[in-house]
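Trainee: Before we begin, could you show me the structure, so that I can ask how its labels are earned?

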Amino acid sequence: MPQPEKIHKKDFDIGKTYNNLFLIYIGRNKLKSDILLAHTEIRECASHTYIGRIKLIQLDHIVKTFDTGADKVHAVSDVTLHIKSGEIFGIIGFSGAGKSTLVRCINLLERPTSGTVTVDGKVLTDLPAKELREARKKIGMIFQHFNLMRSRTVGENVAYPLKGSGLTKQQIKAKVRELLELVDISEKENAYPSQLSGGQKQRVAIARALANDPKVLLCDEATSALDPQTTGAILQLLKHLNEKLGITIVIITHEMAVVKEICDRVAVMEHGNVVEEGDVFSIFAAPRRASRETSSAPPQTFRRSKSSSRISHRL
């Protein structure tokens, strides 16, 4: 059996996310057994990336129940997740797993039925309305369908969150141009959303979400409406923003390829519960509940197997 290549700490680039090493090993070592032999060593090399980082987002015993009148829907059931500063954290699951509801609990777009949400040391679930509005300014969010205002130009869309910020018109204009340059779409400042492609719309949405210099960026299926090439470009942009700004990113997705490409750690949800949580390598190389079936479905798609497995994948 061929031996996996030795990894030395001097070769480990702290700027690379943990999953980059996973993908490198997939390329170098075709046998799953070889990849698993290197698991402990990769973890040892990569673990220093997170030492000393604070827990920026703390979800403790989150429960969210919707009362439909005739019945109750338990969307999130006693979920506890802690996300560290500077992480790119993925939450993956099939439709109806509760992942979008959970991420909306982070900024209290959905208020939990019970449990506490703490972001940057502030317990959001205890804040009065005025203080909560201020705290939300430090939590940006982007969506699958962009949510741009069609009657406003690109520049006006990005400037909108800065209303009431105390900045002058000149300062707002300068801020907008800076943000558009950051997401590489400055030439479209005076265009309208109807004149943009899907990828361009998402870049505008990202710029708008960054307007108030947030510490957290929530991405709710942000690439699901995009083609594979555009998805790759948006993921690279998010990775660049994470490295340049140090912003913590939480990504909700049903696409395993997205998690492998960009995330440092991942939680797997099913029926409102987190059934697995850990670094990307561990979850995909040795999932506790991985499917043993061979499926004809694309490996990039998260799906529920006939044997109630959590993940279908191919190595």
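## Reasoning from values to labels

Mentor: Let us start with D213, which has a relative accessibility of 47% and therefore counts as partly exposed. Please keep in mind throughout that this is a predicted model.

Trainee: What makes D213 partly exposed?

Mentor: A residue is called buried under 20% relative accessible area and exposed over 50%, with partly exposed in between. The 47% of D213 falls in that middle range, so the label is partly exposed. D213 is placed in the loop between helix 8 and strand 7 (216-220), and its phi, near 50 degrees, is a positive value in a residue other than glycine.

Trainee: Why is D184 called exposed?

Mentor: The relative accessible area of D184 is 57%, and the label exposed applies over 50%, so D184 is exposed. D184 sits in the loop between helix 7 (169-182) and helix 8, where its phi is near 60 degrees, again a positive value in a residue other than glycine.

Trainee: How do you know which label belongs to N273?

Mentor: For N273 the relative accessibility is 31%, which lies between the cut-offs of 20% and 50%, so N273 counts as partly exposed. N273 belongs to strand 10 (residues 273-279). N273 and K99 are 174 residues apart in sequence, while their C-alpha atoms are 9.1 Å apart in space.

Trainee: What makes helix 4 a mostly covered helix?

Mentor: Helix 4 (residues 99-106) has eight residues, and six of them are buried, a label that needs a relative accessible area under 20%. The buried residues of helix 4 are K99, T101, L102, V103, C105 and I106. Just after helix 4, L108 takes a positive phi of about 65 degrees.

Trainee: Why are helix 8 and helix 9 described as roughly parallel or roughly antiparallel?

Mentor: Helix 8 and helix 9 pack at an angle of about 20 degrees, with their axes 10 Å apart. Since angles under 35 degrees count as roughly parallel, helix 8 is roughly parallel to helix 9. Their crossing is right-handed.

Trainee: What lines the largest pocket, and which elements contribute to it?

Mentor: The largest pocket, with a volume of about 530 Å³, is lined by 18 residues, of which R136, I139, G140, M141 and P161 lie nearest its centre. Two or more lining residues come from each of helix 5 (129-136), strand 6 (139-143) and helix 8 (198-209). Strand 6 provides the largest share of the lining, four residues. Sorted by class, the lining of this pocket has ten nonpolar, four polar and four charged residues.

Trainee: What makes a space a cavity, and how many cavities of 30 Å³ or more does a search of the whole structure find?

Mentor: A cavity is a set of points where a 1.4 Å probe fits but cannot get out, whereas a pocket is an open set. The search of the whole structure finds one cavity of 30 Å³ or more, and about 30 Å³ of space lies in the largest cavity. Its lining consists of E221, A222, T223, L235, L238, I251, I252, T253 and V258. Helix 9 (228-245) and strand 8 (248-253) are the elements that give two or more residues to this lining, and strand 8 gives the most, with three residues. By class, the lining of the largest cavity has six nonpolar, two polar and one charged residues.

Technical notes. Residues numbered from 1 in each chain as written. Predicted model: local features only at pLDDT ≥ 70, side-chain atom pairs only at ≥ 80, totals over all residues. Heavy atoms only, no water. 1 Å grid on protein atoms, 1.4 Å probe; cavity = no way out; pocket = protein on both sides within 12 Å on 5 of 7 lines; lining within 4 Å. Points joined across faces, edges and corners; volume = space filled by probe spheres on them. Nonpolar A, V, L, I, M, F, W, Y, C, P; charged D, E, K, R; others polar. Buried < 20%, exposed > 50% of the residue type's maximum accessible area, 1.4 Å probe, protein only. Axes fitted to C-alpha atoms, helices over the stretch in contact; angles between N-to-C directions. Parallel < 35°, antiparallel > 145°, perpendicular 65-115°, else oblique. Left-handed = near helix turned anticlockwise from the far one by under 90°.
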